[in-house]
Number of protein chains: 2
Amino acid sequence: MTKPALRDWQSVRDEVRRRIHARQWKPGDLIPNETDLAAEFGCARATVNRALRTLAETGLLDRRRKAGTRVALQPVAKATLDIPVIRHEVEGRGQTYGYQRLARDWAVPPAQVSGSMRTPASRQMLHLCALHLADDLPYAVEQRWINTATVPAAEREPFLQISANEWLLAHAPYTHGDIAFSAAAADEAEAALLSCAVGAALFVVDRLTWDNAASVTKVRLIFPPGHQLRTAL
Amino acid sequence: MTKPALRDWQSVRDEVRRRIHARQWKPGDLIPNETDLAAEFGCARATVNRALRTLAETGLLDRRRKAGTRVALQPVAKATLDIPVIRHEVEGRGQTYGYQRLARDWAVPPAQVSGSMRTPASRQMLHLCALHLADDLPYAVEQRWINTATVPAAEREPFLQISANEWLLAHAPYTHGDIAFSAAAADEAEAALLSCAVGAALFVVDRLTWDNAASVTKVRLIFPPGHQLRTAL
DNA sequence: CAGTGGTCTAGACCACTAT
DNA sequence: TAGTGGTCTAGACCACTGT
């Protein structure tokens, strides 16, 4: 019995996945090298490379030069989260988006904020508080500090019509950042804004973005009880 | 002034990113096609393709055949989460991992569970409850249903020494799954296990995995107050 | 030192889709 | 229908790393 040639890298990827899944190649096993697989599959080595590279990126394979390619012992699940602009997130659910700016002021941030943003401890920063709505119900509270040394244009923006969430993406590019997810109990202000009980379990997203070595903004998004962040695995 | 050729796809990617960041190419702009960029950079089109494809995967570019490549108007941040085995997660923090099986029983799951796992509503499933520890402190509670129609070997595994979290990865491959993050208030049992107050805000991860059309397992991981899930952006 | 993956090249064909 | 990205190929050279 001869097998038909696998024509594209997706087919090769699927066949390799199938063999791993069928335990033909077991966790920890060394699999044939690219040249041999290319010969077996009847395609170019570059095609096999693309397939195996993709599988390595998802954590199913471990690849090392000279050592070869092994089936991962404990495949680390990789979940890719899309973090869209909140307006798009709401509209994507088929709901009507609403926005209210609650506060815009200049203040010296807490030491924890200036510390993590690497700004002088005594310097004032632009501080914003806003509410995002979905079908007129509270969707998320946004609390934000903006480093106007990095984004001077923000000084002239009132953020009355457009949220900082959206304005910054178009006006303040970032090179990298950190994001953290956690749970927190609602304080009185948050409970009032989100129409929930004080102490209710809120879903919290903290994000800090950088433009090279300069911090851009630090934001906390607070979601009402029941909010879920979902993704495929 | 002539520019030196860009030798590899990472250099091309960096140069394209630089131009976008410098607003030489603005959000919404059409950028030159692959052939022209290859000529400008002095490299093969495949090299440009690899660079632009990578940037499109991160959401910075929108690419469509015939329509060309545009700078994304609202770059959707893509965060890749690594979801390792809990033992590795703990050990990676330099802490000592501990594990306690709290319960292992057969039961008919709630309709919500059998419904989402697409199993007969009246069929018993293997149910597990376990506690993961870091330096002898509670790290996470694991509540799990296992579809033994898909993973019959689980019937003979006591899960006393090894957690289902870890055993399943080695013995029950999955093809795809869903994961959801949320916040929940601690009930009495959870509060006792995690040494926190009833009603405290807990971080919750719900995961459901599939082997093609057959569900494998549905698990809820519950983390004590203060737990954060972090990643780079 | 030798084997493996990582990448580049030049050319080709194809798939999709805006016009 | 024509322009663009998506991919494959065959061959080459290189980088890394186990032995």
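Trainee: In β9(A) of this predicted model, which residue is the bridge partner of A:Ser182?
Mentor: Strand β8 (residues 176-185) of chain A and strand β9 (residues 201-211) of chain A are joined by 10 bridges and run antiparallel. A:Ser182 has its bridge partner in β9(A), and that partner is A:Val204.

Trainee: Which residue of chain A stands opposite B:Arg230 in β11(B)?
Mentor: Strand β8 of chain A pairs with β11(B) in the antiparallel sense, over five bridges. On strand β11 (residues 228-232) of chain B, B:Arg230 belongs to the uncovered face, along with B:Gln228 and B:Ala232. The covered face holds B:Leu229 and B:Thr231. Opposite B:Arg230 stands A:Ala180.

Trainee: What is the order of the strands in the open sheet of seven strands?
Mentor: The pairing in this sheet is antiparallel. β8(A) and β9(A) are joined by 10 bridges, and β8(A) pairs with β11(B) over five. The full order is β5(A)-β6(A)-β7(A)-β10(A)-β9(A)-β8(A)-β11(B).

Trainee: Which strands stand at the edges, and why is one side of each left without a neighbour in the sheet?
Mentor: Each edge strand has a single partner strand, so one side of it has no neighbour in the sheet. The two strands in that position are β5 (97-107) of chain A and β11 of chain B.

Trainee: What does the twist average from one strand to the next?
Mentor: The sheet in question is the open one of seven strands, with antiparallel pairing. From one strand to the next, its twist averages 15 degrees.

Trainee: Which helix packs on the sheet, and what angle does its direction make with that of β7(A)?
Mentor: The helix is α6 (residues 164-171) of chain A, which touches β5, β6 (125-134), β7 (137-146), β9 and β10 (214-223) of chain A. Its direction and that of β7(A) make an angle of about 50 degrees.

Trainee: Is A:Glu166 buried or exposed?
Mentor: A:Glu166 lies in helix α6 of chain A. Apart from residues up to four places away in sequence, it touches A:Val85, A:Arg87 and B:Gln74. Its relative accessibility is 9%, and the cut-off for buried is under 20%. A:Glu166 therefore counts as buried.

Trainee: Which backbone oxygen does the side chain of A:Thr217 reach?
Mentor: A:Thr217 is in strand β10 of chain A, and at 5% relative accessibility it counts as buried. Leaving aside neighbours within four places in sequence, its contacts include A:Met117, A:Leu168, A:Arg207 and A:Trp145. At 2.8 Å, its side chain reaches the backbone oxygen of A:Trp145.

Trainee: Turning to the DNA, which element gives the most to the surface near DNA strand C?
Mentor: 24 residues surround DNA strand C, and the closest are A:Arg45, B:Asp8, B:Trp9, B:Thr47 and B:Arg64. At least two residues each come from α3 (45-57), β2 (61-64) and β3 (68-71) of chain A, and from α1 (9-21) and α3 (45-57) of chain B. With four residues, the element that gives the most is α3(B).

Trainee: How many residues of the surface near DNA strand C are charged?
Mentor: One charged residue there is A:Arg45, with a side-chain N or O atom 2.4 Å from a base oxygen of DNA strand C. A polar side-chain atom of A:Arg65 lies 3.0 Å from a sugar or linking oxygen of this strand, and one of B:Arg65 lies 3.2 Å from a base nitrogen. Five residues of the surface are nonpolar and six polar, and the number charged is 13.

Trainee: Which element gives the most to the surface near DNA strand D?
Mentor: Of the 23 residues around DNA strand D, A:Asp8, A:Trp9, A:Thr47, A:Arg64 and B:Arg45 come nearest. α1 (9-21) and α3 of chain A, as well as α3, β2 (61-64) and β3 (68-71) of chain B, each supply at least two residues. The most comes from an element with four residues, α3(A).

Trainee: What percentage of the atoms of DNA strand D within 4 Å of the protein belong to sugar or phosphate?
Mentor: A side-chain N or O atom of A:Thr47 is 2.6 Å from a phosphate oxygen of DNA strand D, and a polar side-chain atom of B:Arg65 lies 2.9 Å from a sugar or linking oxygen. A base oxygen of DNA strand D lies 2.4 Å from a polar side-chain atom of B:Arg45. Bases make up the rest of the atoms within 4 Å of the protein, and the share of sugar or phosphate is 68%.

Methods. Residues are numbered from 1 along each chain as its sequence is written. Chains are lettered from A and ligands numbered from 1 in the order in which they are written. This is a predicted model: local features need pLDDT of at least 70, side-chain atom pairs count only at pLDDT 80 or more; totals for chains, interfaces and linings use all residues. Side-chain values use heavy atoms; hydrogens and water are left out. A residue is near a molecule or strand if one of its heavy atoms lies within 4 Å of it. A polar contact is a pair of N or O atoms within 3.5 Å; within protein, one must be able to donate a hydrogen and the other to accept it, and residues adjacent in sequence count only if both atoms are side-chain atoms. Buried means under 20% relative accessible area, exposed over 50%, partly exposed in between (1.4 Å probe, protein chains only). Two strands pair if DSSP finds at least two bridges between them. Axes are lines fitted to C-alpha atoms, for helices over the stretch in contact, and angles run from 0 to 180 degrees between N-to-C directions. Contact means heavy atoms within 4.5 Å.
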